[in-house]
2 protein chains.
Amino acid sequence: MRHFDLCIIGSGSGNSLIDEQLDDQSVALVEKGIFGGTCLNVGCIPTKMFVHPADLASAPERSARLGVQLTRDKVDWPGIRDRIFTRIDAISEGGEDWRAQAPNVTLYRAKGHFTGPHTFAAGGEEFSADRFVIAAGSRAVVPPVAGVDPQWWDERRDERPAWAHTSDTVMRTDDLPGRVVIVGGGYVASEFAHVFASFGSDVTIMVRSQGMLREQDAEISEAFTRSMARRVRLLTGVVPTEIATEGDGTARVLASDGSEHRADVVLFATGRRPNGDTLNLPAAGVETDREGYVVVDPHQRTTAEHIWALGDVCNPWQLKHVANHEAKVVKHNLLHPEQPRSSDHRFVPYAVFSEPQVAAVGLTEHQARAAGYDITVAKQDYGSIAYGWAMEDDEHFAKIVAERGTGRILGAHIMGPEASVLIQPLIQAMSFGLPAAEMARGQYWIHPAMTELVENALLALDV
Amino acid sequence: MRHFDLCIIGSGSGNSLIDEQLDDQSVALVEKGIFGGTCLNVGCIPTKMFVHPADLASAPERSARLGVQLTRDKVDWPGIRDRIFTRIDAISEGGEDWRAQAPNVTLYRAKGHFTGPHTFAAGGEEFSADRFVIAAGSRAVVPPVAGVDPQWWDERRDERPAWAHTSDTVMRTDDLPGRVVIVGGGYVASEFAHVFASFGSDVTIMVRSQGMLREQDAEISEAFTRSMARRVRLLTGVVPTEIATEGDGTARVLASDGSEHRADVVLFATGRRPNGDTLNLPAAGVETDREGYVVVDPHQRTTAEHIWALGDVCNPWQLKHVANHEAKVVKHNLLHPEQPRSSDHRFVPYAVFSEPQVAAVGLTEHQARAAGYDITVAKQDYGSIAYGWAMEDDEHFAKIVAERGTGRILGAHIMGPEASVLIQPLIQAMSFGLPAAEMARGQYWIHPAMTELVENALLALDV
């Protein structure tokens, strides 16, 4: 049986562990899917490469009221798709070639699973390793709907009808779909609704709950839901009950409210599941929690002493920047086991690149109250600042939750243009313990930049 | 002779001094021009209200290479102009009415000047005051050109030809000018060039020096100049030598390079001069420096003990956020003279809202080297981060200058999308003494947000 110093399962953030500091170790790298992981191939990066053209394609919606008449003449979906994936596929392939050529790395391009604490089987071979890193990520899940086979995204992928998609495949369709039904109300649904609506598709969203982005602060969720309902056909409290393939290959979607919809594409944006369940983890003594996440300690070590985990397989944030952070921690701890570092999950921000954009960090107002904090909350409209006047904005806002007395910022929530950028000074303040009043008054805020939104929200807090 | 507790000269940032804390004081407020000052009426705010529609109007320039064909059908200049000034004029008039009704405030709507240390003449009346605040701002200056009379913007304003403009008037023209000649290469020239070019005017810029934004970091200035030269006819090292009014009321502009240009609008964007020279300051014992700025101490007190100054009349930044800051300092020091505060001018940021946007804070690379710092410089392209891939960016960048050893950030310079927002975390870090490496590693940066530009620039520093 071949033996390695280290086995890394997953070529996304796990791949970033391998550099010259591991040159003296033999490494097995196992990847069952596209090389490079979710973010690069089917997640953050290609989606944003669709979102940005969508932002431009939707400019006519925003410009008319400002006195600028634009027409969207054409969206070249095949051109956009090929531009994006020509670039991304080359990065994926280049990364794989690079690894394949590394003298100390052996690449296993196959599904794999533990056969014991120190042994792993992949591609018909069993090998052993001193240490393992589980960076196997997560996968899109499809809900039970009559006429939909979850195996279309696994064993029976050849049988998948042309209309059936998750985020793994929807960006590679041949043509811009004329009619899109999106199932789900989270960030994936929100981003693709923006992309397809901006490009001119007729979009219907079916969301089981009463609104979109329900994990956000309640006011953000409500406002986002209202905003999205103006752009697409938004059906809340509705799920698809049956989907049939019509003679022309399109879908006929029956919904729980009795409505019926024809669609060229049905996109299931109904969540993701960590991939630990595919790895026979009990054989290695690696435990998972009730939701399937690999259990790790603050050093990213699993319940097996010689096995670490990082990224979507072990954390519920499912965010690349968290995986990157954890990869740095694991890397350090592999090299310096006597002085292990801990991950910092105190202030994990995230953004939804839809129209409008949403970004958040820390506690929602509800969470802060539930946790017993004595809080002060400020809600500041873009329309209240000079740059918001320029945009004639009457819809978007920032909301900051702080602890009364100390001025400690507990959470920040922004819905509107450039939310993902505007939130960074707040992430920074929370991470370094800068209280609200000092943050507001101890630095200049360029007038009349959009950042005055944050300044004024901070000043409006009754700390 | 009527006597006041306080006389404030200028209704821009000076007006913000007046609130309920001054209710027990009699206040004279002197304003010779439009109520509300430069920022509100002819500066920051209306310009940005033109710039944002211009950003949208120029979307077709950016979108085509991304696969989205947009056409700019129409720009409704009169509609944009009226929307903007209907809003702004109402704020100006409302502010004036509010002040006029305040029982303790007497409004003098006239030019005025000191007649002695404690006496002032305005509108044919002479009055005295215990204390004064000079917040008289600055004015656009017009260079000596044959055929151009500087008095067109003062005493002989009725004689001004329709083509002759400064930033005070150019936003109120009847129609979108077909041909615009802009004289100057600073931020006013850069912003209006963006506005008019985006709206479809034929734009020529004449700049005396070899590039635009010459006060910026040299690499920013060079890159901005190249960028602008792709959008407009940019003549560097050129000044207008003579301007004649043609029979149809348009201008014939002769330039120092021998070229001749017809223009519906000639915009002089050739700098601003502090208004101290109009106030007979020697009579009050208030000194100015060689460039005409009122000399103040760190408490904003002039060389006359009972007279303070703030804003463009006394500081060369000519920025509203600096004037606002100084107004807060003056306000405190008027109310608490025994415990005076000082202004903080350490890290004054600024932005140019052109296409591309530019934002900066702190020292340029050249300034840092000249000051003797041992520096490390990182230049990070937007094209190197995921969001830059989405934009297919190959032009824009951030540049950070830090002190080697300490990691202290000395300056930051960004040219590209959302520069005015992206720079805020750097302003914050400089203001609160957060070193580069800690800033980069001690917080999350949302992937794949545009903020990764700053993160990666910080990580690239060799501190």
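Chain A and chain B meet through 76 residues from each of them. Keep in mind that this is a predicted model. Put together, the two chains bury about 6,500 Å² between them, and carbon and sulfur atoms give 65% of that area.

**Where the buried area comes from**
- Three residues stand out on chain B: W389(B), Y444(B) and I446(B) supply 14% of the area that chain B buries against chain A.
- No other three residues of chain B supply more of that area.

**Polar links across the interface**
- Between chain B and chain A, 25 residue pairs are in polar contact, with both residues at pLDDT 80 or more.
- Helix α2 of chain B, residues 44-57, brings nine residues to the side that touches chain A, and that is the largest share.
- Sorted by kind, the residues on this side of chain B come to 44 nonpolar, 17 polar and 15 charged.
- As for salt bridges, there are four across the interface of chain B and chain A.
- You can look up a salt bridge between R87(A) and E392(B), where the closest N and O atoms lie 3.6 Å apart.

**Strands that pair up between the chains**
- Strand β3 of chain A (residues 68-75) pairs with strand β3 of chain B (residues 68-75).
- The two strands run in the antiparallel sense, and seven bridges join them.
- To find a bridge in the model, start at R72(A): its partner in β3(B) is L70(B).

How values were computed. Residues are numbered from 1 along each chain as its sequence is written. Chains are lettered from A and ligands numbered from 1 in the order in which they are written. This is a predicted model: local features need pLDDT of at least 70, side-chain atom pairs count only at pLDDT 80 or more; totals for chains, interfaces and linings use all residues. Side-chain values use heavy atoms; hydrogens and water are left out. Contact means heavy atoms within 4.5 Å. Buried area is the accessible area (1.4 Å probe) that two parts lose on being put together, summed over both. A salt bridge is a side-chain nitrogen of Lys or Arg within 4 Å of a carboxyl oxygen of Asp or Glu. A polar contact is a pair of N or O atoms within 3.5 Å; within protein, one must be able to donate a hydrogen and the other to accept it, and residues adjacent in sequence count only if both atoms are side-chain atoms. Helices (H or I, at least four residues) and strands (E, at least two) are DSSP runs, numbered from the N terminus. Ala, Val, Leu, Ile, Met, Phe, Trp, Tyr, Cys and Pro count as nonpolar, Asp, Glu, Lys and Arg as charged, and the others, Gly among them, as polar. Two strands pair if DSSP finds at least two bridges between them.
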